[in-house]
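Here are a few exercises on pockets, cavities and surface. Grab the structure and work through them with the solutions alongside.

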Amino acid sequence: MTRFAFAIHATDGRARTGEITMRRGVIRTPVFMPVGTAGTVKAMKPGDVAASGADIILGNTYHLMLRPTAERVARLGGLHAFSGWDRPILTDSGGYQVMSLADLTTRSEDGVTFKSHLDGSRRTLSPERSIEIQRLLGSDIVMAFDELVPTSSTPEVQAAAMARSMRWARRSRDAFDGGGEHAERAALFGIQQGALDRTLRGDSAAALTDIGFDGYAIGGLAVGEGQEAMFACLDFAPAQLPAERPRYLMGVGKPDDIVGAVERGVDMFDCVLPTRSGRTGQAFTRDGPINLRNARFGEDQRPLDPACPCPVCAKWTRAYLHHLVRSQEILGAMLMTEHNIWFYQTLMADLRAAIAEHRLFAFADAFRLRYRGER
C-alpha cells in the first residue's frame, strides 16, 4: 500500500500536472482543497463535496483541538470516520489560527501559549503537540508547526521568525517520525517562510530540504500583501523548493490568484473563500463574482453560470437563489456553496487539462480577460 508518492505527468512552462498517490486515494494536481475547518465543509455533505471533484479536504488543528478535542475524535475513530469523509485529509498545524484568532498570545522557543477564543482557557501549542493532535485526528498529510508573521514586519522580525520556524520544522520532523503506525501511513510537509524576501525564502528552502519532507508548502502569503506582491514572491519561491515534490500555497485564494500561481509552479491550494462567499450570497462565475443579494437578480431566470456543470446551475435560477439569500434561508447557503465548490473544482480540472495539452498560457490569458471583464 502506497504511503505517499508524487508523479508529474506533464509540464507547460513552470506549471505541472500530476498525481499524489496515498492509501486513501489519488489526488490530482493542481488541486484545490475545500476547507473543513471544524470537521465539515460548511453547508456541504461529504458526498456532495466528493461529487464536485474534490480529492482531498483540509481540517483545522486549532479549531478541532479546542472542540471537540483531538482526543475525543481519536476515541470516535479518527476524523475520517467521525466526519464521514473517506478520502485524504490534510490538516494544518494550527499556527495561523493561533496568530490570527487567539488572544494574549505568548511566543517562545518552546511554542505558543494563547487564550482560547471559545472559553478563554489557556492553551499551549508546540511542534510536538501540533504533530500529536494531527496524529490523533488521523491526518493523511500533516503540516509542520511554524511561526507566521505579517509581511509588513521588520526584516529582523521576519528573519527571526523564519529561523525559529526552521527549528520547529526539525522538531516537527522528529515528533512525526516518532509517531508509530501513523508515520508509516501519513505524509509530512514542511513550510517555507521568509515573507517576501528572496534570500530568507532561499535559506528556509535549504533548511527544509536538508531536513527532508514529503512535500513543501509556501507559507506567509495571502495575508494582505496584495496579488502583485504575492506573484512577485511566487516568481522565485516555488523554484527554490525541490522540483520532485508537491508545492502547496497555503490559504490561496481567489480564482485568478490560483491561475497565476499554477503558472508559477504551484500544485496545491486551499481557501475558505468559496464556502464563506457562498454563505454570504456571492457566487463565482466565469464572468467574475456576482452578489445574489443585488435586486437586479430578482427576476433573472438564468443559471448562476450557464457553462457550469454543477447540480445548482442545472436546476435553479438566479431569481430563486436571490430569494433564498435575501430571505436568509439555509438552502440558499447550501446551494450557493455547492456551486462555488463546483466552480473551483471545475477550474482545477480545466487547468490540469490545459497543462496536459500544452495550452496553459492561452487558457490562463482567456480566463483572466473574461473573469475580470476585460474581453
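**Exercise 1: the largest pocket**

In this predicted model, the largest pocket has a lining of 42 residues, and nearest its centre lie Tyr96, Gly251, Asp270, Cys271 and Val272. Work out which elements give two or more residues to that lining, and how the lining divides by class.

Solution. Start with the elements: helix 5 (95–100), helix 10 (227–234), strand 14 (268–271) and helix 12 (273–279) each give two or more residues. Next, sort the lining by class: 16 residues are nonpolar, 17 polar and nine charged. Finally, add the volume, which is about 1000 Å³.

**Exercise 2: the second largest pocket**

Find which helix gives the most to the lining of the second largest pocket.

Solution. First list the lining: Arg286, Phe343, Thr346, Leu347, Asp350, Phe363, Ala366, Phe367, Arg370 and Tyr371. Then look at the helices: helix 15 and helix 16 (360–371) each supply at least two of these residues. Helix 16 comes out on top, with five. By class, the lining has six nonpolar, one polar and three charged residues, around a volume of about 170 Å³.

**Exercise 3: a nonpolar patch**

Is Leu331 buried, partly exposed or exposed?

Solution. Place the residue first: Leu331 lies in helix 15. Its relative accessible area is 32%. Buried means under 20% and exposed means over 50%, so Leu331 is partly exposed. Leu331 also joins Tyr320, Ile330 and Met334 in a nonpolar surface patch of about 360 Å². Helix 15 (residues 330–356) gives the most to this patch, with three residues.

Methods: Residues are numbered from 1 along each chain as its sequence is written. This is a predicted model: local features need pLDDT of at least 70, side-chain atom pairs count only at pLDDT 80 or more; totals for chains, interfaces and linings use all residues. Side-chain values use heavy atoms; hydrogens and water are left out. Patches are made of residues with over 30% relative accessible area and no salt bridge: like charges are joined within 9 Å, nonpolar side chains (Val, Leu, Ile, Met, Phe, Trp, Tyr) within 5 Å. Accessible areas come from the Shrake-Rupley method with a 1.4 Å probe; for residues, only the protein chains shown count as cover. A salt bridge is a side-chain nitrogen of Lys or Arg within 4 Å of a carboxyl oxygen of Asp or Glu. Helices (H or I, at least four residues) and strands (E, at least two) are DSSP runs, numbered from the N terminus. Buried means under 20% relative accessible area, exposed over 50%, partly exposed in between (1.4 Å probe, protein chains only). On a 1 Å grid over the protein atoms alone, a cavity is a set of points where a 1.4 Å probe fits but cannot get out, and a pocket is an open set with protein on both sides within 12 Å along at least five of seven lines; lining residues have an atom within 4 Å of a point. Grid points are joined across faces, edges and corners, and a volume is the space filled by probe spheres set on the points. Ala, Val, Leu, Ile, Met, Phe, Trp, Tyr, Cys and Pro count as nonpolar, Asp, Glu, Lys and Arg as charged, and the others, Gly among them, as polar.
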